[in-house]
Amino acid sequence: MLLIAVILYVAIAFALQTVRVDGESMVGTLQNQDLLLASKISYDFGGNPQRGDIVILIPPADPSQDFIKRVIGVPGDVIEIDGDHTPTQVLIKPGGKGAFQVLNEPYLPQPWTTLKYCCTPSGMATTSSPQPLTIPAGDYFVMGDNRNFSSDSRVFGLVPRKNILAKAILRIWPLDHFGGLGAGPILEPVSTTALAIPALGIAAFEAWRWRRRRMRRSAAARTAPPGPDPLS
């Protein structure tokens with residue numbers, strides 16, 4: 001029985017770890033000092049991080065500490081962040097195919113107003129305009145849910161697969177919030193409403209120009225001097 005207990009302990013210690021949340025970057029889903037249970041083997045048997053997973057990772061800029069973030073973009077995705085929209089839109093072509101889709105993220109705690117354009121070739125935020133990025137094989141784009149207070153891929157760039165250590169699967173403290181970590185993001189088609197408004201404006205402008213030309217021609221015809229008498 002003692003041997004079985006030791007084996008079980010080692011197996012559990014190898015497969016799982018507890019993680020203490022430190023900071024506000026995941027507020028909306030996780031609170032400062034929440035205690036989580038994370039699986040260290042979720043990605044060790046042929047699986048890879050998926051969009052929406054909350055993961056423990058080593059940031060490329062500071063290997064001395066662990067961060068907890070949400071996976072937003074996976075290898076092969078084309079990703080773009082457009083702050084010209086309200087709210088800011090994360091646009092993704094899953095696997096780089098098809099049209100852009102909007103990432104619907106109901107867990108965000110507040111409007112997102114900082115670092116709202118992306119991405120440079122390394123995955124970091126741009127200054128004032130959206131730029132699409134194809135995520136290379138083996139790299140991931142991650143962000144905190146509290147976008148205004150998160151140091152994430154917008155700051156330190158894409159995260160290599162080897163830097164992702166575990167997947168958070170359960171909150172175990174505080175007890176009144178014990179349970180799963182909520183639903184993830186959903187990809188939705190880009191709304192055609194925003195596209196229809198400019199199109200309608202262009203159509204109205206062209207109709208106005210056409211009517212104005214007709215009015216000018218009519219006015220010119222009324223004021224033109226009479227031509228020669230065809231019978232003279």
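Strand S7 contributes the most to the lining of the largest pocket, with three residues. This is a predicted model, and the report below goes through its pockets, its cavity, its sheet and its nonpolar cores.

**Pockets and cavity**

The largest pocket has a volume of about 310 Å³. It is lined by 15 residues, and Pro87, Thr88, Val102, Leu103 and Glu105 are the closest to its centre. Two elements give two or more residues to this lining, namely S6 and strand S7 (101–104). By type, the lining of the largest pocket consists of seven nonpolar, six polar and two charged residues.

The second largest pocket has a volume of about 250 Å³. Among its 14 lining residues, Asp22, Ser25, Asp66, Phe67 and Ile68 lie nearest its centre. S1 and S4 are the elements that give two or more residues to the lining of this pocket. The largest share comes from S4, with three residues. Here the lining divides into six nonpolar, three polar and five charged residues.

The structure also holds one cavity of 30 Å³ or more. Its lining is made up of Leu108, Pro109, Gln110, Pro111, Trp112, Asp145, Asn146, Arg147 and Asn148.

The table sets out the volume and the lining of each space.

| Space | Volume | Nonpolar lining residues | Polar lining residues | Charged lining residues |
|---|---|---|---|---|
| Largest pocket | about 310 Å³ | seven residues | six residues | two residues |
| Second largest pocket | about 250 Å³ | six residues | three residues | five residues |
| Largest cavity | about 30 Å³ | four residues | three residues | two residues |

**The sheet**

Seven strands form an open sheet, with antiparallel pairing, in the order S1-S2-S11-S3-S4-S9-S10. Strand S1 (16–20) and strand S10 (159–160) are at the edges with a single partner strand each, so one side of each has no neighbour in the sheet.

Strand S4, which supplies lining residues to the second largest pocket, pairs with S3 and with S9 in this sheet. Strand S3 (residues 54–57) and S4 are joined by four bridges in the antiparallel sense. One of the partnerships here is that of Val55 with Lys69 in S4. Strand S4 (residues 67–73) also pairs with strand S9 (residues 139–143), again in the antiparallel sense, over three bridges. In this pairing Gly73 has Phe141 of S9 as its bridge partner, and Arg70 stands opposite Met143 in S9. S4 is mostly covered, since seven of its seven residues are buried.

**The nonpolar cores**

Which residues have the most contacts inside the largest nonpolar core? They are Ile72, Ile79, Ile81, Val90, Phe141 and Met143, in a core of 15 residues. At least two residues of this core come from each of strand S5 (78–82), strand S6 (89–93) and S9. A second, separate core has 12 residues, including Ala38, Ile54, Ile68 and Ala168.

Leaving aside residues up to four places away in sequence, Ile79 touches Ile72, Val90, Leu91, Ile92, Cys119, Gln131, Pro132, Leu133, Ile135 and Phe141.

Some names recur across these sections. Phe141 is the bridge partner of Gly73 and is also among the residues with the most contacts inside the largest core. Met143 stands opposite Arg70 and is another of those core residues. Ile68 is one of the residues nearest the centre of the second largest pocket and belongs to the second core.

Methods:
Residues numbered from 1 in each chain as written. Predicted model: local features only at pLDDT ≥ 70, side-chain atom pairs only at ≥ 80, totals over all residues. Heavy atoms only, no water. Pairing = 2+ DSSP bridges. Core = buried A, V, L, I, M, F, W, Y, C linked by side-chain atoms within 4.5 Å. Buried < 20%, exposed > 50% of the residue type's maximum accessible area, 1.4 Å probe, protein only. Contact = heavy atoms within 4.5 Å. 1 Å grid on protein atoms, 1.4 Å probe; cavity = no way out; pocket = protein on both sides within 12 Å on 5 of 7 lines; lining within 4 Å. Points joined across faces, edges and corners; volume = space filled by probe spheres on them. Nonpolar A, V, L, I, M, F, W, Y, C, P; charged D, E, K, R; others polar.
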